[in-house]
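Colleague: I have not seen this structure before. Please take me through one part of it and then the whole.

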Amino acid sequence: MAETSDTIVRFAGVEKTYDGQSLVVKSLDLEIARGEFLTLLGPSGSGKTTTLMMLAGFEHPTKGEIFLDGRPVSRLPPWKRDIGMVFQNYALFPHMTVAENVAFPLGVRRLPKAEIDRRVARALAMVRLEGFENRRPAQLSGGQQQRVALARALVFEPKLVLMDEPLGALDKQLRESMQYELKHLHERLGLTFVYVTHDQGEALTMSDRVAVFNDGRIQQLASPAELYERPKNAFVARFIGENNRLLGTVVERFGERCLVEVAGVTIKAVAGNIGGAGSATTLSLRPERVSINSPSTQDNEVQGEVLETIYHGDHLRVRLALLGHDDFVVKLANRQDQMRLAPGQKVKVSWAAADCRALDAE
């Protein structure tokens, strides 16, 4: 890959093994644009955290090179990389005040006291913690501790800020609130953020791009909308958001569309990474893109049977049996005129071909 002025980080053929046999990260080529919010997303053991730790300098590649602003850094220690880091457990010093915690990286760099005071005040203002300078970590809430850790990562004005599951210890409501705070902070500062999580909701909410990892490789690198609407393979479709999977056989492919047979019924779909006629495929279909007993005509209409309905406040989850599957889910908006659906009821289930993607067989 050619280096450009807009590229701040480049992984070139990077591999990592701990035992000399199994590769945790495999042939990683990745460019991170200056000023972007990139999330590394994937299940445990997929290679995302190891990738972040290699970029931070806490792990070294077994093979390949990492470049920061065009300079190879794979053998540089962490403190020489000009990178801010926020960990899940915050790693705050309990015996220090908030101001002392934030000032720590500047003291290590031997900046003058007046400059340290100025930068600490500015960093605390960034994360809305003015007036908390003299408190200790034990006197702060989880969200406030997370902000102190973020201020400490920003205070020395790094080129890059890395975050390893920084919201993992927070409760659901605070976690969601902090997602928006991080997103808005990134927009204000224009820094490059690289964020690791296994929570796809976090990734979709905050990121400019998401790299979906599995088995040591990036399965797809794209914007949140692209990942959700056009997953590249069955793993990405399953991992990003909720989707229905129908196992079938390709009947015919014509351009970007195809016909797939599922339980004796021909389904029209968008052709993804599939083989030719006769090959196995997995149809991917989002629950909110499906209609029940719709008066309008859709590309695909099949008979289904209601197995259960679950009330979720803003929507209803309806589980159906259809096309040989008993785990097909439809999400219906909770409206005043919402139809009543009872277990055992026969219904017409329909969806557009554009909302159904034929992908590799799982």
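Colleague: What length does helix α4 reach from its first C-alpha to its last?

Modeller: This is a predicted model, in which local features need pLDDT of at least 70, side-chain atom pairs count only at pLDDT 80 or more, and totals for chains, interfaces and linings use all residues. Residues are numbered from 1 along each chain as its sequence is written, and side-chain values use heavy atoms, leaving out hydrogens and water. Helices (DSSP runs of H or I, at least four residues) and strands (E, at least two) are numbered from the N terminus. Helix α4 covers residues 142-154, 13 residues, with 18 Å expected (1.5 Å times one less than the number of residues), and the span reached is close to that, 19 Å.

Colleague: How many residues of α4 are buried?

Modeller: Buried means under 20% relative accessible area, with a 1.4 Å probe and protein chains only. The buried residues include Gly143, Arg147 and Leu154. Helix α4 is mostly covered, and of its 13 residues the buried number is eleven.

Colleague: Which elements are included in what covers the buried residues of α4?

Modeller: Cover is judged by contact, heavy atoms within 4.5 Å. The strands included are β6 (83-86) and β7 (160-164). The helices included are α2 (98-108), α3 (113-126) and α5 (172-189).

Colleague: What percentage of the protein chain's residues count as buried?

Modeller: The protein chain holds eight helices and 20 strands. Its C-alpha trace spans about 75 × 50 × 35 Å along the principal axes. Of its 362 residues, the buried share is 50%.
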